[in-house]
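Visitor: I have the sequence and the model open. Could you show me how each label is earned?

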Amino acid sequence: MRYIKPLVILIVFILFMSPLVLTADSIKINADDLRVRSGPGTNFDPIGHVNTGDTFEQLDLEDGWIQINYQGSTGWVHQDFVLSVSDDGANPDEETSSTDDTVIETSKSDSVSFPYETTVELAVIHLRAEPDVFSERIAKLKKKTNVTVIDQVDGEWYHVETDEEVGYVKQAILDLKQTEPIGVSPFVGKTIVIDPGHGGIDVGAISLDDEYESIHTLITANHLKNKLEARGATIRMTRDDDFYYPLTPRATLSNYLKADLFLSLHYNSEPSYPTANGIDTYYRNASRIELANDVHQAILTETGANDRGVASGNYSVLRNNRRPGLLLELGFLSNTQEERLILQRSYQDKLAEGISNGVEKYFSR
Ligand SMILES: [Zn+2]
């Protein structure tokens, strides 16, 4: 009990001091379920999510990615999904959270003597020319880099030395350990092959307005790729341009990559029956019925499209594929109303969202 009072005084002191110490602006998240990554880029592991309205101190910026305090460590979010908040508008929540970190740092640095050796624990940190987040970045220190901490400067910076350079790193960043990928997303570590049906001289079905299936499947594939990558999956496409690629190599790519999932995207056509509409989902092997149902139902939920059912289909891309796979017939280009929907960006978004939700359900089993 004796130590609690001085600690409270310390916390209160820092609480009052912190708005003066923290020069960096705060940011407010402007997207739901936004992925936080361990470094500034989509190639870094996702370590969690943040949501609209969450506020953070901005620690650093690189190539459009903002480093934030996150769960006792740091993470990076893309600047397209955040709003900056001026220091004046800072709300009490964020001051409390940055204060917590400051308390930890303060007690830690009190007990060390300089110089000492340490290693970089975060995916990437910046070595600066001066003890200032806006000063020149002289090096990028990767995880496991050995550094010697020479001294502490201005209370929140370390003067450090590596094998090659001398500079400054923010104390809060060097002291932190990497947050483990928390596995919140079942997509982490999963490779999904997306196969936009047809292409080039093989245009597939042709709509009433002379639109080609091969173009629509590529548009849908790109939407889906963005959605799945945002959830943490690794995506490979069998084609990303409008050229002809034979069928067998599409399945071979899936086998070669040991894909966790293969999705072949198609649109249907039945000119002799122009009212035909809705979505079919095909699997090859009975062991994939659960996968097919998960994805099919999720697409219907999202789009409200007509349910044409789940069935086994003897398609080359599934037959020659040893990996879990589906062929999706996402609507009829021969139906005027449905084609109009398929041409809408908002409907493409629903298709991609539905497929992603279904895949998430399957991966979560
Ligand atoms: Zn097709």
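**Strands and their partners**

Guide: Start with one pair: Thr281 has Leu328 in β19 as its bridge partner. This is a predicted model, where local features need pLDDT of at least 70, side-chain atom pairs count only at pLDDT 80 or more, and totals for chains, interfaces and linings use all residues. Residues are numbered from 1 along each chain as its sequence is written.

Visitor: How do you know that β17 and β19 pair?

Guide: Two strands pair if DSSP finds at least two bridges between them. Strand β17 (residues 279–283) and strand β19 (residues 325–332) have three bridges, in the antiparallel sense. Three meets the cut-off of at least two, so the strands count as paired.

Visitor: What makes something a strand or a helix here?

Guide: Both are DSSP runs, numbered from the N terminus: helices are H or I over at least four residues, strands E over at least two. The chain comes to nine helices and 19 strands.

Visitor: Which strands stand at the edges of the open sheet?

Guide: The order of its six strands is β15-β14-β16-β19-β17-β18, with mixed pairing. β15 (234–237) and β18 (307–312) each have a single partner strand, so one side of each lacks a neighbour in the sheet. Ignoring direction, neighbouring strands are turned by 20° against each other on average. Helix α4 packs on this sheet and touches β14 (191–196), β15, β16 (261–268) and β19. The direction of α4 makes about 145° with that of β16.

**Two helices that cross**

Visitor: Why is α4 called oblique to α9?

Guide: The axes of α4 (residues 213–230) and α9 (residues 345–363) cross at roughly 50° and come within 9 Å. That angle makes α4 oblique to α9. Under 35 degrees would be roughly parallel, over 145 roughly antiparallel, and 65 to 115 roughly perpendicular; the rest is oblique. Axes are lines fitted to C-alpha atoms, for helices over the stretch in contact, and angles run from 0 to 180 degrees between N-to-C directions.

Visitor: Is the crossing of α4 and α9 left-handed or right-handed?

Guide: The crossing is right-handed. The near helix is turned clockwise from the far one by less than a right angle; anticlockwise would be left-handed.

Visitor: Which residues of α4 make the contact?

Guide: Ile219, Thr220, His223, Leu224, Lys227 and Leu228 do, against partners in α9 including Leu351, Ala352 and Ile355. Contact requires C-beta atoms, placed from the backbone, to lie within 7 Å. By class, this contact has six nonpolar, four polar and three charged residues. Ala, Val, Leu, Ile, Met, Phe, Trp, Tyr, Cys and Pro count as nonpolar, Asp, Glu, Lys and Arg as charged, and the others, Gly among them, as polar.

**Buried or exposed**

Visitor: Why does His198 count as buried?

Guide: Buried means 20 or more other C-beta atoms within 10 Å, exposed means 12 or fewer, and partly exposed lies in between, with C-beta atoms placed from the backbone. His198 has 25 such neighbours, so His198 is buried. The residue lies in the loop between β14 and α4.

Visitor: And what makes Asn226 partly exposed?

Guide: Asn226 has 14 other C-beta atoms within 10 Å, which falls between the two cut-offs. Asn226 is found in helix α4.

Visitor: Is Asp63 buried or exposed?

Guide: With 9 other C-beta atoms within 10 Å, Asp63 is exposed. Asp63 sits in the loop between β4 and β5. Those two strands pair in the antiparallel sense over four bridges. By contrast, strand β4 (residues 55–62) is mostly covered, with six of its eight residues buried.

**Unusual backbone values**

Visitor: What value does phi of Asp63 take?

Guide: Phi is near 45°, a positive value in a residue other than glycine. Most residues other than glycine have a negative phi, and most peptide bonds are trans. Phi of His198 is also positive, near 65°.

Visitor: How do you know which peptide bond is cis at Pro115?

Guide: The bond from Phe114 to Pro115 is cis, with omega near -5°. Pro115 has its place in the loop between α2 (92–110) and β8 (116–119).

Notes. Two residues are in contact if their C-beta atoms, placed from the backbone, lie within 7 Å.
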